[in-house]
Structure formats: C-alpha cells, structure tokens
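Please open the structure in your viewer and keep the selection tool at hand, since each stop on this tour begins with something to select.

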Amino acid sequence: MRDTLPLLDLTDFPAIRRHRLDTLQVNLGYKCNMKCVHCHVAAGPHRTEMMDEDNLALIPEVLRARGLSTLDLTGGAPELHPGFRALVRAARALGVKVIDRCNLTILFEPGQDDLAEFLAGQGVEVVASLPCYSVDNVDKQRGKGTFDKSILALQALNRLGYGQPGSGLELNLVYNPQGPSLPPPQAALEADYKRELGEHFGIRFNRLFALANMPIKRFGDYLLSKRQFHDYLRLLKENFSAANLPGLMCRNLVSVDWQGYLYDCDFNQQLGLRLPGAGRPHLRDLLGRELDGQPIRVAEHCYGCTAGQGSSCGGALHKEPS
C-alpha cells in the first residue's frame with residue numbers, strides 16, 4: 001500500500017488549537033471481519049494489532065482523572081477485542097457515554113450472538129456504517145452479502161429499542177461516498193435514508209452522519225491507482241469553508257492508537273502524525289497532562305473535514321434544516 005503522507009504533509013491549512021478535551025477516541029485494534037474499500041485504517045481479518053491489557057486498564061483511569069464525558073470505541077471492529085465488554089462496563093460505571101462504531105455484520109460473527117443485547121443493556125450508542133440504502137452500492141463498497149446482513153442487524157437493534165422514540169438507545173448511521181466526491185447535503189440524505197429503510201425494511205434510526213472519504217491508507221491508495229489523488233485534493237481545497245473550523249472534532253477529542261499513543265484525530269493516527277511537541281505522548285500522560293490550548297497537527301487531508309458542509313465523527317459540521 002502506497003504511503004500518501006509525503007503528498008499531504010506540506011500544507012497551507014490554517015493553524016488551529018484545541019479547546020477543552022471531552023472525548024477519548026480509542027482504536028482497540030485493526031482486526032476486522034470486513035475489508036472495505038473506503039477504510040482509512042486498512043483494517044481486515046488478517047490484521048493482528050490489538051491493544052494490550054496494561055493500556056486497556058489505563059482508559060478508565062484517564063476518563064476519571066480528566067473528567068471526560070465520552071468514550072468513542074473504534075477499530076477495526078472494536079467488538080473483536082477480548083476486553084471490549086469489560087471496558088464498556090467500566091466506562092458506564094463511571095457515568096461516561098460510550099459510542100461503539102459498529103460495522104453491523106459483526107453481530108453475526110461467532111461469539112457475538114448476544115452482542116446487540118449487551119450493547120442495549122449498557123446503553124451504548126451505536127454508530128453503524130451503511131454507505132447506502134441500496135444493496136448494489138453497499139456490497140460494491142463493503143463486500144457481497146453485506147447489505148442483507150446489515151439490514152438484519154438493524155432490525156435486531158430496532159427490536160431491542162434502538163432508534164425507537166423514548167428508548168434512550170441511540171442508533172446513528174454513517175454514509176460515505178462511493179468514490180472521490182463530497183457527500184451530498186446531510187439533512188436531505190437522512191430523509192431519503194429514513195424513507196427508504198422505513199418503507200422497505202421497517203427500520204428506524206436517529207441520525208445519519210455524512211462523512212467525506214479521507215485520501216489516506218486504503219482509499220488513498222485507491223485514488224493513486226486511479227490517478228485521481230491530486231484531483232480529489234483539489235476538490236477538497238476548492239470547497240474549503242472556514243465556517244467549519246470551530247466545530248472540528250480534533251478541538252475536543254484525542255485519538256488513542258492500539259499501543260496507547262496519542263494523536264489529534266484518527267486520521268492523523270493512521271498517517272503517524274504525532275501530537276505537536278517533544279516526545280511521543282502516551283495515554284498515561286493524560287493522567288497528569290492538560291491538552292487545552294495546545295496546537296493541532298494539520299496537513300492537506302484536513303481539508304476533508306472542512307470541505308463543503310464539513311465532516312466529523314458526528315457527521316456534517318454545517319447542518320442544513322431538515
């Protein structure tokens with residue numbers, strides 16, 4: 001896989017600084033039961049990188065010490081980590097909101113038969129990837145049979161109360177474009193999703209997050225192979241909106257890799273762009289170190305988060321009315 005960092009490191013992206021830290025986003029490992037074309041982590045069944053027990057044990061300590069409100073768990077498929085459930089329980093016992101970035105098909109993997117019930121029982125917010133509401137587009141991007149499994153998983157989550165009014169169980173879906181284009185307006189696309197999934201499959205969910213694809217790892221390699229890399233970067237830069245800068249997720253989030261090292265965001269993590277400053281900051285450093293007001297490491301891929309309506313782990317930054 002070709003490294004895109006040399007094409008991204010020199011940048012004129014505006015200098016930005018952190019606000020108050022409230023979210024710890026942890027990549028528990030790169031092992032996944034899927035191998036999606038758009039994956040910026042290059043996760044898959046063959047990956048063996050997984051967080052060890054010592055780093056896992058630090059997470060609740062950091063949540064408590066820093067008074068953080070949210071633990072955002074990602075991967076790979078975070079649920080495949082043997083310590084996933086114990087970590088969720090520990091965070092919830094502290095009153096911390098837990099987000100599980102779920103690929104939906106994981107619910108049908110061996111040993112995960114009761115995963116949906118566990119998530120519901122712990123009140124975990126599920127953020128689920130579903131890049132389209134049609135079978136052809138989903139299977140093209142994520143593998144044959146993915147759409148049908150995803151629908152069954154969403155229906156199972158609905159039966160447990162996810163996405164249902166008044167349940168308190170939040171179910172949000174994630175859209176990614178099929179190729180080198182910006183996501184369409186999030187509000188209109190969410191309405192389409194709710195109509196199509198509701199009418200055809202009886203599925204309900206809370207919100208849709210429309211995310212831009214990042215020109216790194218597997219998607220970056222795809223762009224290079226199609227000779228579309230520079231055109232895509234140009235598209236992102238031409239659609240830059242300074243209005244998106246205040247809401248960037250890196251302002252109040254820190255990303256933790258499977259070895260416990262800290263980054264400004266998950267994308268910087270995959271590029272190996274460490275937090276600015278000396279040394280290599282680690283999860284244990286957060287027990288006694290504040291990040292508020294610190295500079296954020298930027299590169300050309302940051303235009304992906306600021307193009308058009310903006311893009312973050314919580315979807316569009318500039319939300320048009322529904």
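Begin by selecting Leu 24 in this predicted model, and then add the residues that are in contact with Leu 24 once its neighbours within four places in sequence are left aside: Ile 59, Val 62, Leu 63, Leu 68, Thr 70, Leu 71, Asp 72, Val 254, Val 256, Leu 283 and Leu 286. Leu 24 belongs to the largest nonpolar core, which has 61 residues, and it is listed with Ile 59, Leu 71 and Tyr 193 as touching the most other members. Apart from that core lies another one, of 29 residues, where you can select Ile 16, Ile 216, Leu 248 and Ala 307 among others.

Turn next to the largest pocket, whose volume is about 400 Å³. Select Thr 23, Met 249, Ser 312, Cys 313 and Gly 314, which lie nearest the centre of this pocket among the 23 residues that line it. Then display strands E2 (70–74), E3 (97–102), E4 (125–129) and E6 (207–210), each of which supplies at least two residues of the lining, with the largest share, three residues, coming from E3. If you colour the lining by class, you should find nine nonpolar, seven polar and seven charged residues.

Finish with the cysteines: how many disulfides does the structure hold? There are zero. Select Cys 102, which is in no disulfide, and look for the nearest cysteine sulfur, that of Cys 32, at 9.7 Å; Cys 102 itself is buried, with a relative accessible area of 3%. Cys 305 is likewise in no disulfide, the nearest cysteine sulfur being that of Cys 265, 6.4 Å away, and Cys 305 counts as buried at 10% relative accessibility.

Note on methods. Residues are numbered from 1 along each chain as its sequence is written. This is a predicted model: local features need pLDDT of at least 70, side-chain atom pairs count only at pLDDT 80 or more; totals for chains, interfaces and linings use all residues. Side-chain values use heavy atoms; hydrogens and water are left out. On a 1 Å grid over the protein atoms alone, a cavity is a set of points where a 1.4 Å probe fits but cannot get out, and a pocket is an open set with protein on both sides within 12 Å along at least five of seven lines; lining residues have an atom within 4 Å of a point. Grid points are joined across faces, edges and corners, and a volume is the space filled by probe spheres set on the points. Helices (H or I, at least four residues) and strands (E, at least two) are DSSP runs, numbered from the N terminus. Ala, Val, Leu, Ile, Met, Phe, Trp, Tyr, Cys and Pro count as nonpolar, Asp, Glu, Lys and Arg as charged, and the others, Gly among them, as polar. A nonpolar core is a set of buried Ala, Val, Leu, Ile, Met, Phe, Trp, Tyr and Cys residues joined through side-chain atoms within 4.5 Å. Buried means under 20% relative accessible area, exposed over 50%, partly exposed in between (1.4 Å probe, protein chains only). Contact means heavy atoms within 4.5 Å. A disulfide is a pair of cysteine sulfur atoms within 2.5 Å.
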